[in-house]
Structures are given as structure tokens and as C-alpha cells.
Amino acid sequence: MTDKELQLLVEKISLSYFAKKFNHKAYFNNRLKTTGGRYHIQSHNIDINPKILEEHSYQTLLGVVKHELCHYHLHLAGYSGKHNTVAFKQMLNAVGGSRYAPAPKNKNVLKYVCSNCGQIYLRKRRINTNRYVCSKCHGKLIKRG
Ligand SMILES: [Zn+2]
Ligand SMILES: [Zn+2]
């Protein structure tokens, strides 16, 4: 999906779910790391993490777009638009937005499983399974994803 397509999608969702126009810019931002999307209070633009589509689904993207549009419309209507406000929660519920933008998966975490007892080990770095064994039972570790 291109920035242009995202822009059209946000405009469409804005009209059909909020009955209001989205008059600013929506674009993908590769630099977003910990969040699926962001609404900018200064510029009123919305940026979306492209990983949402790559790692999740179109449905997830719709939920994130609705979430950011709640911030957008509440803020422009003079509300704070913060997550913990009644106005935000009500609007989010009404349009079926996602409560939290799903964080992109952390590709750096490696998973190892003990072939003997099933103990799971999460490691940031690759480990040499010929040298390192399960600390519980000394079974052989197998890499899983
Ligand atoms: Zn938010
Ligand atoms: Zn074990």
C-alpha cells in the first residue's frame, strides 16, 4: 500500500465512521518502532507504521487508523483526546477502533526450546546449541523461529 492509498483509506474511514472529513495528511513512517500509529497534535497529521500491514493484517490497519482518527477528531473538536478520557473511550468503542496499536513484533528475539523438557529460552543473540544445553535438564536446545 502506498502513502496515497493510505491517505484515501483514512479519508474514507473518516467519512464513513466519523461522518467528518479528514483534511490533513496520512503517511507511512518507517521510523515508528514501538507504536502502530501516531497522531501529531501540532500538524494534525497521522503517521502509520508500515509493519502493521507487513506483520499483521488489513483489519489491524483499519483498527489502528480508527484509533488515530479518534485522537484527530476529538482534538480538533477541542477535547484533549487522551487515551484515559471518557470521550476517547466512547468514540473508540463507537467506531470499533483498536485500543492499543499493536506493537511490531520484535524480530531480534530468538526462541529456543529444550528438546527434552520443553523449557523455552528467549535470547537476544543466537546461541551455539552444540555448546549450550538446557539449564534444567541438560537436554539439547532447538531453535524455534
Ligand atoms: Zn493513541
Ligand atoms: Zn530441559
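## The Arg38–Asp47 salt bridge

Arg38 is partly exposed, with a relative accessible area of 36%. In this predicted model, the side chain of Arg38 forms a salt bridge with Asp47, and the closest N and O atoms of the pair are 3.1 Å apart. Asp47 sits in another kind of setting: its relative accessible area is 1%, so Asp47 counts as buried. If you are setting up charges, it may help to know that the structure holds one salt bridge, and that its partners are Arg38 and Asp47.

The stretch of chain around this pair has a backbone detail to look at as well. His44 is found in the loop between β2 (37–39) and β3 (46–48). The phi angle of His44 is near 70°, a positive value in a residue other than glycine.

## Overall build

Now for the wider view. The protein chain has four helices and six strands, and along the sequence they follow the pattern α-β-β-β-α-α-α-β-β-β. The radius of gyration is 21 Å, well over the 15 Å that the globule rule gives for 145 residues, so the protein chain is more spread out than a compact globule. Taken along the principal axes, the C-alpha atoms fill a box of roughly 60 × 35 × 25 Å.

How much of the chain is buried? Of the 145 residues, 38% count as buried. The protein chain exposes about 9400 Å², and carbon and sulfur atoms supply 51% of that area. As for contacts between residues at least 6 apart in sequence, 44% join residues at least 24 apart.

## Helix α1 and the loop after it

Leu9 lies in helix α1. Is Leu9 buried or exposed? Its relative accessibility is 7%, under the 20% cut-off, and therefore Leu9 counts as buried. Leaving aside its neighbours within four places in sequence, Leu9 is in contact with Met1, Tyr58, Leu61 and Leu62. Leu9 and Ala26 are 17 residues apart in sequence, and their C-alpha atoms are 9.1 Å apart in space.

Ala19 is found in the loop between α1 (3–18) and β1 (26–28). The phi of Ala19 is near 55°, which is a positive value in a residue other than glycine. At 65% relative accessibility, Ala19 counts as exposed.

## Strand β4 and its two partners

Strand β4 (110–114) pairs with two other strands. With strand β5 (residues 120–123), the pairing is antiparallel over four bridges. With strand β6 (residues 141–143), β4 also pairs in the antiparallel sense, over three bridges. Four of the five residues of β4 are buried, so this strand is largely enclosed by the rest of the structure.

You can follow the register residue by residue. In β5, Ile120 is the bridge partner of Val113, and Leu122 is the bridge partner of Lys111. On the β6 side, Leu141 is the bridge partner of Cys114. β4 and β5 form a hairpin with five residues between them, and Gly118 in the turn has a positive phi of about 85°.

## A nonpolar patch beside the hairpin strands

Which residues make a nonpolar surface patch of about 250 Å²? They are Val109, Ile120 and Leu122. Two of these names are already familiar from the hairpin: Ile120 is the bridge partner of Val113, and Leu122 is the bridge partner of Lys111. Val109 has its place in the loop between α4 (86–95) and β4 (110–114). With 30% relative accessibility, Val109 counts as partly exposed.

## Thr85 and the distance to Tyr121

Thr85 has its place in the loop between α3 (58–76) and α4. At 22% relative accessibility, Thr85 counts as partly exposed.

How far apart are Thr85 and Tyr121, C-alpha to C-alpha? The two residues are 39 Å apart in space and 36 residues apart in sequence. That separation can be read alongside the C-alpha box of roughly 60 × 35 × 25 Å.

Note on methods: Residues numbered from 1 in each chain as written. Chains lettered and ligands numbered in written order. Predicted model: local features only at pLDDT ≥ 70, side-chain atom pairs only at ≥ 80, totals over all residues. Heavy atoms only, no water. Patch = residues over 30% accessible without salt bridge, like charges linked within 9 Å, V, L, I, M, F, W, Y side chains within 5 Å. Areas by Shrake-Rupley, 256 points an atom, 1.4 Å probe, with all protein chains shown as cover. Salt bridge = Lys/Arg side-chain N within 4 Å of Asp/Glu carboxyl O. Buried < 20%, exposed > 50% of the residue type's maximum accessible area, 1.4 Å probe, protein only. Rg over C-alpha atoms; globule rule 2.2 N^0.38 Å. Contact = heavy atoms within 4.5 Å. Pairing = 2+ DSSP bridges.
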